[in-house]
Amino acid sequence: MPWSYKKHVAVRVLITFASACITAFIGTFIHRFGAYYNIPIGLVLSYLLLGISTWCARQRDGAVGLAVHLIASSTLIVLLSGRGIAGDVLVPIGFSVSVPYFVSQVGYWWLYGSLLLQIIVLILPKQWFVLPETRVEELHDET
């Protein structure tokens, strides 16, 4: 089993929380990559990163771990989508000028898609998240 799966419950929850915050932070910064050319490579990478983190949270701590992940990542994404101190925005939504389609819509795709992705992982069957037991065979000396 991975090292984080063997830790105490409180440590596992902290690992899940940290993973959710890191993936939401990175995803928010890279989701617009390629949007100007209508190539959603940044959004795909953001979803992939968030999906792997969500999968591990569910596998590590079940539905409770996924709930912690969902709350932490969604909260951070929403906080980062607001206006910054200088008035700049990381997740722009709604444009008054003519821009390519994906530029104007990628913010919606990231905000709503990140929630939907984690909810889909929540409703998947529990058996998909069970690690197979690793069996360590003992070596016997033949004497």
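Val-103 is a good place to start: its relative accessibility is 9%, so it counts as buried, the cut-off being under 20%. Keep in mind that what you are looking at is a predicted model. Val-103 lies in helix H3. Now jump back along the chain to Arg-12. The two residues are 91 apart along the chain, and their C-alpha atoms are separated by 37 Å.

Stay on H3 for a moment and find Gly-107. This glycine is also placed in that helix, which runs over residues 101-123. Is Gly-107 buried or exposed? Its relative accessibility is 0%, so it counts as buried. And what does Gly-107 touch, once you ignore the neighbours within four places in sequence? It is in contact with His-31, Val-91, Pro-92 and Ile-93. If you want a feel for distance, go from Gly-107 to Met-1: that is 106 residues in sequence and 37 Å in space, C-alpha to C-alpha.

Next up is helix H2, and here things get curious. If H2 were straight, its 41 residues would span 60 Å at 1.5 Å a residue, yet there are only 20 Å between its end C-alpha atoms. Where should you look for a bend? Go to Asp-61, where H2 bends by about 135 degrees.

Let's take a closer look at Asp-61 itself, a residue of helix H2. With a relative accessibility of 17%, Asp-61 falls under the 20% cut-off and therefore counts as buried. Which residues does it meet from further along the chain, beyond four places in sequence? Asp-61 is in contact with Arg-12, Val-13 and Thr-16. With Arg-12 there is a polar contact too: the two side chains are joined at 2.6 Å. So Arg-12, which we used as a distance marker for Val-103, turns up again as a partner of Asp-61.

Now for some rings. Searching the whole structure turns up five aromatic pairs. One of them is made by Trp-55 and Phe-129, with 4.3 Å from centre to centre and 45 degrees between the planes, which makes the pair tilted. This pair links distant parts of the chain: Trp-55 sits in helix H2 (residues 41-81), Phe-129 sits in the segment after H3, and their positions lie 74 residues apart in the numbering. How accessible are the two partners? Trp-55 has a relative accessible area of 30%, so this residue is partly exposed. Phe-129, at 5%, counts as buried.

What about the cysteines? The count of disulfides comes to zero. Take Cys-21: the nearest cysteine sulfur belongs to Cys-56 and is 16 Å away, whereas a disulfide needs the sulfurs within 2.5 Å, so Cys-21 is in no disulfide. Seen from the other end, Cys-56 is in no disulfide either, with the sulfur of Cys-21 as its nearest, 16 Å away. Cys-56 is partly exposed, at a relative accessible area of 25%.

Last stop: Asn-38, which you will find in the loop between helix H1 (9-30) and H2. What is the phi angle of Asn-38? It is positive, about 60 degrees, although this residue is not a glycine. At 42% relative accessibility, Asn-38 counts as partly exposed, since that value lies between the 20% and 50% cut-offs.

Notes: Residues numbered from 1 in each chain as written. Predicted model: local features only at pLDDT ≥ 70, side-chain atom pairs only at ≥ 80, totals over all residues. Heavy atoms only, no water. Helix = DSSP H or I, 4+ residues; strand = E, 2+ residues; numbered from the N terminus. Buried < 20%, exposed > 50% of the residue type's maximum accessible area, 1.4 Å probe, protein only. Contact = heavy atoms within 4.5 Å. Phe/Tyr/Trp six-rings, centres within 6.5 Å; stacked < 30°, edge-to-face > 60°. Expected span 1.5 Å × (residues − 1). Bend = angle between axes of the 7 residues up to and from the residue. Polar contact = N/O pair within 3.5 Å; in protein donor to acceptor, adjacent residues only side chain to side chain.
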